[in-house]
Amino acid sequence: MAQPKIVITEQDLHRLETMLEHQTKLTPTMEHLEDELARADVVAPQDIPANIVTMNAKVLITIAPATEATEITLVYPHDFKGDKGQVNILAPIGAAIIGLAEGQEIEWPQPDGHTMKVKIEKVLYQPEREGKFI
């Protein structure tokens, strides 16, 4: 499966790159995230399409072989409290979905050597769409 196009805001890119630079050792997931950030189309926060997964977005995803969608909120590590539905950007599922659009799928390596297939069903909430550029 070819890698889908991803789009990320300048703000999210800067914050994620800074966060990765301050890690003493990168996990395989962090290395894959770095690769994704390097190939992303980067836009100003106010120019991000409304159907793209950004940081702090609430998203409906399907992880194969499941057919039922799961609602998650993509958060930075310092915001991760373990609340129901929160997914840390440094978790494989979090790193996989950043920058994807509704309807896109990606195959993403997991720590156990297997690959998961994730589909973005719907972006329920996106901060930038609501005019929140913090």
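**Figure 1. Asparagine 56 counts as partly exposed because its relative accessibility is 30%.** (Here, buried means under 20% relative accessible area, exposed means over 50%, and partly exposed is anything in between, with a 1.4 Å probe and protein chains only.) This is a predicted model, where local features need pLDDT of at least 70, side-chain atom pairs count only at pLDDT 80 or more, and totals for chains, interfaces and linings use all residues. Residues are numbered from 1 along each chain as its sequence is written, and side-chain values use heavy atoms, with hydrogens and water left out. Asparagine 56 sits in the loop between strand 2 (41-43) and strand 3. Helices (H or I, at least four residues) and strands (E, at least two) are DSSP runs, numbered from the N terminus. Check the backbone here: asparagine 56 isn't a glycine, yet its phi is positive, about 70 degrees.

**Figure 2. Alanine 57 is a buried residue in a loop.** The loop in question joins strand 2 and strand 3. Alanine 57 comes out at 0% relative accessibility, so it counts as buried. Beyond residues up to four places away in sequence, alanine 57 touches Ile72, Thr73 and Leu74, plus Tyr125, Gln126 and Pro127. (Contact means heavy atoms within 4.5 Å.) For a sense of distance, the C-alpha atoms of alanine 57 and histidine 22 are separated by 24 Å, with their positions 35 residues apart along the chain.

**Figure 3. A cis peptide bond links alanine 64 to proline 65.** Omega is near 10 degrees for this bond. Proline 65 belongs to the loop between strand 3 (58-63) and strand 4.

**Figure 4. Proline 77 is found in the loop between strand 4 (70-75) and strand 5 (86-88).** Its relative accessibility is 28%, so proline 77 counts as partly exposed. Setting aside residues up to four places away in sequence, proline 77 touches Met19, Asn88, Ile89 and Leu90. Proline 77 and valine 87 are 10 residues apart in sequence, and their C-alpha atoms are 8.9 Å apart in space.

**Figure 5. Threonine 29 and glutamate 36 are both found in helix 2.** Helix 2 covers residues 28-39. Threonine 29 has 7% relative accessibility, so it counts as buried. Glutamate 36 is buried too, because its relative accessibility is 4%. Who packs against them? Leaving aside neighbours within four places in sequence, threonine 29 is in contact with Leu90, Ala91, Pro92, Ala95 and Trp108. With the same neighbours left out, glutamate 36 is in contact with Gln3, Ile6, Ile106 and Trp108.

**Figure 6. Isoleucine 93 is a helix 3 residue.** Helix 3 runs over residues 92-97. Isoleucine 93 has a relative accessible area of 13%, so it is buried. Outside the residues up to four places away in sequence, isoleucine 93 touches Ile61, Ile63, Val87, Met116 and Val118. Valine 123, 30 residues from isoleucine 93 along the chain, has its C-alpha atom 15 Å from that of isoleucine 93.

**Figure 7. UniProt annotates two spans of the chain as domains.** The record's positions are in the numbering used here, its feature names are shortened, and annotations may be inferred rather than shown by experiment. The unreviewed UniProt entry puts "domain: Regulator of nucleoside diphosphate kinase N-terminal" at residues 4-43. That span is 60% helix and 15% strand, and its end C-alpha atoms lie 17 Å apart. For "domain: Transcription elongation factor GreA/GreB C-terminal", the unreviewed entry lists residues 49-125. Residues 49-125 are 8% helix and 40% strand, with end C-alpha atoms 12 Å apart.

**Figure 8. Stepping back, the chain reads β-α-α-β-β-β-β-α-β-β along its sequence.** The radius of gyration is 14 Å, close to the 14 Å the globule rule gives for 134 residues, so the chain is as compact as a globular protein of that length. (The radius is taken over C-alpha atoms, and the rule is 2.2 Å times the number of residues to the power 0.38.) Along its principal axes, the C-alpha trace spans about 35 × 35 × 30 Å. Of the 134 residues, 41% count as buried. Among contacts with a separation of 6 or more, 59% come from residues 24 or more positions apart.
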